[in-house]
Amino acid sequence: MLKDIVQLGFSSTGILPPHLDVNFPGWLTIPSSSIVFFLSLVLYYISVSGLTYDMVNGPPAYGMETDERGNPRMVTIMKWKINQQYMMEGFSAGFLMLVGGCGIMVMDKSTQMTGPRTQMLLSGMGLAFSLLGFIGTYSFIRIKWPVYLEDMFLQGSH
């Protein structure tokens, strides 16, 4: 297959390609579906948690805020700044999104089960994971931008 691709690339130029005898190493095999699924989940988590943003901008892991008595306290969600995040905020939100997505996958798998007890257990677990992911992500947004829905509906009235 690789040889055909090289031949196709050189056929339009009139130049003869070099004779290559390329072999894949013996230990390199097609990965199992479980490994591909796990790697896909890791890539999804890295994508939604904002790891690229963290690497480029280098935000702190968490912030400090003073309470009404003047005592410093740790905060993990950067309020009122939608385009910025603390590292722990991104990792936590990514985890909640991963839990919600896994809940949907568990509900899908529950339809393939034959026993009604197993099917109900998996459906309930999938629904609980999906709701946990949704409610957790929604509460993050409400902490980050408390007047989110009010601002959204006031956009056209200015």
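Read from the N terminus, the protein chain runs α-α-α-β-β-α-α-α, a total of 6 helices and 2 strands. The model is a predicted one, and the description below follows the chain from its overall form to its individual helices and loops.

The overall dimensions come first. Along the principal axes, the C-alpha atoms occupy a box of roughly 80 × 50 × 40 Å. The radius of gyration is 25 Å, whereas a compact globule of 158 residues would have a value near 15 Å. Of the 158 residues, 18% are buried. The exposed surface of the protein chain amounts to about 12,300 Å², and 68% of that area is supplied by carbon and sulfur atoms. As for charge, the chain carries 9 positive and 10 negative side chains, and the centres of these two sets are separated by 6 Å. When contacts between residues at least 6 apart in sequence are considered, 55% of them link residues at least 24 apart.

Helix α2 (residues 33-48) offers a simple starting point among the helices. It contains 16 residues and extends 22 Å from first C-alpha to last, close to the 22 Å expected at 1.5 Å a residue. Just after α2, Gly50 adopts a positive phi of about 80°.

A positive phi also appears further along the chain, in the loop between strand β2 (72-75) and helix α4, where Trp80 is located. The phi of Trp80 is near 65°, a positive value in a residue other than glycine. Is Trp80 buried or exposed? Its relative accessible area is 51%, and because the threshold for exposure is over 50%, Trp80 counts as exposed.

The loop leads into α4, which covers residues 87-110. Its 24 residues should span 34 Å at 1.5 Å a residue, and the end C-alpha atoms lie 35 Å apart, in agreement with that expectation. The buried residues of α4 are Glu89, Gly90, Ala93, Gly94, Leu96, Leu98, Val99, Gly100, Gly103, Val106 and Ser110. These buried residues pack against two other helices, α2 and α5.

Two residues of α4 illustrate different levels of accessibility. Gly100, a residue of this helix, has a relative accessibility of 12% and therefore counts as buried. Cys102, which also belongs to α4, has a relative accessible area of 21% and is partly exposed; burial requires a value under 20%. The C-alpha atom of Cys102 lies 40 Å from that of Val22, a residue 80 positions away along the chain.

Between α4 and α5 there is a loop that contains Thr114. With a relative accessible area of 79%, Thr114 is exposed. Its C-alpha atom is separated by 56 Å from that of Thr66, although the two residues are 48 apart along the chain.

Helix α5 follows, with 29 residues from 116 to 144. At 1.5 Å a residue it should span 42 Å, and its end C-alpha atoms are 42 Å apart, which agrees. Buried positions in α5 are Leu122, Gly126, Ser130, Gly133, Gly136, Phe140 and Lys144. The cover over these residues includes α4.

Which residues does Gly100 of α4 meet beyond its sequence neighbours? Apart from residues within four places in sequence, Gly100 is in contact with Phe129, Ser130 and Gly133. Of the residues it touches, Ser130 and Gly133 are among the buried residues of α5. Gly136, another buried residue of α5, is 36 residues from Gly100 in sequence, with a C-alpha to C-alpha distance of 9.3 Å.

Lys144 also lies in α5. Its relative accessibility is 7%, so it counts as buried. What surrounds this lysine? Beyond its neighbours within four places in sequence, Lys144 is in contact with Ile77, Met78, Lys79, Trp80, Lys81, Ile82, Gln84, Gln85 and Glu89. Among these partners, Trp80 belongs to the loop between β2 and α4, while Glu89 is one of the buried residues of α4. Lys144 thus brings together in one set of contacts the exposed Trp80 and the buried Glu89.

Definitions and conventions
Residues are numbered from 1 along each chain as its sequence is written. This is a predicted model: local features need pLDDT of at least 70, side-chain atom pairs count only at pLDDT 80 or more; totals for chains, interfaces and linings use all residues. Side-chain values use heavy atoms; hydrogens and water are left out. Helices (H or I, at least four residues) and strands (E, at least two) are DSSP runs, numbered from the N terminus. The expected span of a helix is 1.5 Å times one less than its number of residues. Buried means under 20% relative accessible area, exposed over 50%, partly exposed in between (1.4 Å probe, protein chains only). Contact means heavy atoms within 4.5 Å. The radius of gyration is taken over C-alpha atoms; the globule rule is 2.2 Å times the number of residues to the power 0.38. Accessible areas come from the Shrake-Rupley method with a 1.4 Å probe; for residues, only the protein chains shown count as cover. Lys and Arg count as positive and Asp and Glu as negative; His and the chain ends are not counted. The place of a charge is taken as NZ of Lys, CZ of Arg, CG of Asp or CD of Glu.
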